[in-house]
Amino acid sequence: MSGTVRLTTAQALVRFLARQHTERDGDRRRLIGATWGIFGHGNVAGLGQALVEHGDEMPFLQGRNEQAMVHAAVGHARQSGRLATHAVTTSIGPGATNLVTGAALATVNHLPVLLLPGDVFAARPADPVLQQLEVPYAGDVSVNDCLRPVSAYFDRITRPEALVPAALQAMRVLTDPAATGAVTLALPQDVQAEAWDWPEEFFAERVWPVRRQAPDPAEVAAAARAVRAATRPLLVAGGGVHHSAAEDALRAFADATGIPVASTQAGKGSLRHDHPADVGGIGHTGTATAAELARAADLVIGVGTRWTDFTTASGTLFAGDGVRFVNLNVAPYDAHKMAGTTVVADARAGLEALTRALAGHRVEPAYADRYTSAKERWERRVDAAYAVDDPAARPTQTQVLGLLDELVGDEDVVINAAGSLPGDLHKLWRARSPRQYHVEYGYSCMGYEIPAAIGVSLAAPDAPVWALVGDGTYLMMPTEIVTAVQEDVPIKVVILQNHGYASIGGLSESVGGERFGTAYRHRAPDGTYTGAPLPVDLAANAASLGLPVTRAKTVGELRAALRAARAADGPTCVYVETETADTVSGPPPAQAWWDVPVAETATRPSAVRAREEYDRHVSARRRHL
């Protein structure tokens, strides 16, 4: 008969987490590599004490903002191929509710993260306690219930012994390739500190296999028949290609069949930019090459994609008569979208099976010549956007990307999430390796970049990691700069200052909103913005948080600053004010539509014109049935 170990609930949880591992294809990783924490009265005496007690088993990372801690853990998980992640602990009040945005981002993107918010007293010796939300109609509700709809799994541990099944269920979901996301174990503060006699088996080393679901042969055969019958096929690579490490299998499929490959934001880098079949990003922020192929395609093969509105141009992109879809996805929910022929399987296993089933099949040479020529034309447009005529001029945003393109190697990681940069990156960036392009666009969360860069750097300490942030995004969450400085995490922060929300400003103008509320300028009584930009100095702010900052005013200075940042062995920052694209070559415009409803009635001419344009695009929308 096995023995028992007397520990508090928090101590038992920390000890349990330190012994959990994943394994896929012989690659074994520790699942929970560290715990992030900000302490308050809901966790300091429980998990805080446990992390001190078991500090030799569980590394601790000190965060400054709870949402940012989740972003850091998510960045780590994505860089680790979802085989490893971090835990995050908070107090019971605003610390817990600050987790919600990060949890939503993790679950939307199918990235694992373990959330351990403190909760109110289970035994209710005093009711209410500090920071407790009282709900008159339900005594068992706390603010942590906000995390239910954004969690892939949720439980509240009201007795120590309840942790045993809950912890095992949490690990199951964290390692499930189809169902993973944010996992929340809400921990009442009295239960955290309560002792229990735990069975020793609970602390045994456990390995959770991350399975590769094989496809059903009948589904593979049906998909192969659809591909063989197509004359203008297009493959759309989504984030599932990266999650299952299917890049080699995708390359082998493209080499064998000659089918062109476009990529979503999450799937970019599935093929190297210079692979003959790679035609770049697809959808509203994609390339003209991919858009042209999508509009004419008679078959679209989606691999690991959720078919979001940006990818489908809000249902207007795939316009060919009789166009059909084949969906290869480990999640049945996504595999059944677009009325597609389904292959419910791991992306790598499914691609390998489909490649075998298509042995000897290849697209017509004329079709390959067509997309090859279109790709060459697009590359010339990228060169024009990156081109620099005057090294003494202020750079545009696309020239900043061009200078990075000159500098980076296969090992660099470029991180972004919001603003106009995701569109420019998706259209222009030449991804050299599977992990290089790290744009979080499932939730497109401002403030993600800096903490995510820390998580990525912790997962890949030898990789130069770039956090590209606009001024709007920077102001959302610069706090983790302090963590990067404290831990000496050598991230490279690039702040692009254009004095406002440029992306939303452009969208506002296009839908009749006239850039209202999007500029960082002095505002007149009538609501218009006049005069010079506000005297905001983000470089000084970053420096005040401990970062060495280089201000680059010209293209030449920026080139030198980026080179120095890449060589730096500690965290550093490059600050640059960017020129608008009105006077020099900028990014190519959007190649496909995106549905943002426009006012149906209005008196201002800009809104009337925008509605007329909106009605024209809406008329092209179709449902694929």
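In this predicted model, strand 2 (residues 20–24) runs antiparallel to strand 3, and four bridges join the pair. One of the matched positions can be found by eye: His-21 has Arg-30 of strand 3 as its bridge partner. Between strand 2 and strand 3 lies a loop that holds Asp-25. This residue is worth a look, as Asp-25 has a positive phi of about 55° although it is not a glycine.

Strand 2 and strand 3 belong to an open sheet of three strands, ordered 3-2-11, in which the pairing is mixed. Strand 3 (27–30) and strand 11 (206–209) form the edges and have a single partner strand each, so one side of each is left without a neighbour in the sheet. On average, and with direction ignored, neighbouring strands of this sheet are turned by 30° against each other. It helps to recall here that strands of a sheet pair through backbone hydrogen bonds, either parallel or antiparallel.

A second open sheet has six strands in the order 14-13-12-15-16-17, and its pairing is parallel. Which strands stand at its edges? They are strand 14 (278–281) and strand 17 (341–344), each of which pairs on one side only. From one strand to the next, the twist averages 20°. At one end of the order, strand 13 (residues 261–263) and strand 14 are joined in the parallel sense by two bridges. Here Val-261 has Asp-278 in strand 14 as its bridge partner.

Helices also pack on this six-stranded sheet. Helix 11 (residues 288–296) touches strand 12 (233–237), strand 13 and strand 14, and its direction makes about 100° with that of strand 14. Helix 14 (residues 347–357) touches strand 12, strand 15 (299–303) and strand 16 (324–329), with its direction at about 130° to that of strand 16.

Helices pack against one another as well. Helix 1 (residues 9–17) and helix 6 (residues 163–174) lie with their axes 11 Å apart, at an angle of about 35°, and the crossing is right-handed. From helix 1, the residues Thr-9, Leu-13, Phe-16 and Leu-17 meet Leu-163, Ala-167, Leu-168 and Met-171 of helix 6. Sorted by class, this contact of helix 1 with helix 6 has seven nonpolar residues, one polar residue and no charged residues.

Helix 16 is a good place to follow two contacts in turn. Its axis (residues 397–407) and that of helix 17 (residues 421–428) come within 11 Å and cross at roughly 50°; helix 16 and helix 17 are therefore oblique to each other. Their crossing is right-handed. On the helix 16 side, Gln-397, Thr-398 and Leu-401 take part, and they meet Leu-421, Asp-424, Leu-425 and Leu-428 in helix 17. The residues of this contact divide into four nonpolar, two polar and one charged.

The other partner is helix 23 (residues 555–567), whose axis is 10 Å from that of helix 16, at an angle of about 45°. That angle makes helix 16 oblique to helix 23, and the crossing of this pair is right-handed. What residues meet here? Gln-399, Val-400, Leu-403, Leu-404, Glu-406 and Leu-407 of helix 16 meet Val-555, Leu-558, Arg-559, Leu-562, Arg-563 and Arg-566 of helix 23. By class, the contact of helix 16 with helix 23 consists of seven nonpolar, one polar and four charged residues.

Side chains of opposite charge can pair when their charged atoms come close. With a cut-off of 4 Å between the nitrogen and the carboxyl oxygen, the count comes to 32 salt bridges. Among them is the pair of Arg-430 and Glu-379, whose closest N and O atoms are 2.9 Å apart. Arg-430 sits in the loop between helix 17 and strand 19 (437–439), whereas Glu-379 sits in helix 15 (residues 365–386), so the pair ties together parts that are 51 residues apart in sequence.

Two more backbone details can be picked out in loops. The peptide bond from Asp-127 to Pro-128 is cis, with omega near 5°, and Pro-128 is placed in the loop between strand 7 (113–119) and strand 8 (153–156). Ser-444, which is not a glycine, nevertheless has a positive phi of about 45°; this residue is found in the loop between strand 19 and helix 18 (449–459).

Technical notes:
Residues numbered from 1 in each chain as written. Predicted model: local features only at pLDDT ≥ 70, side-chain atom pairs only at ≥ 80, totals over all residues. Heavy atoms only, no water. Axes fitted to C-alpha atoms, helices over the stretch in contact; angles between N-to-C directions. Parallel < 35°, antiparallel > 145°, perpendicular 65-115°, else oblique. Left-handed = near helix turned anticlockwise from the far one by under 90°. Contact = heavy atoms within 4.5 Å. Nonpolar A, V, L, I, M, F, W, Y, C, P; charged D, E, K, R; others polar. Pairing = 2+ DSSP bridges. Salt bridge = Lys/Arg side-chain N within 4 Å of Asp/Glu carboxyl O.
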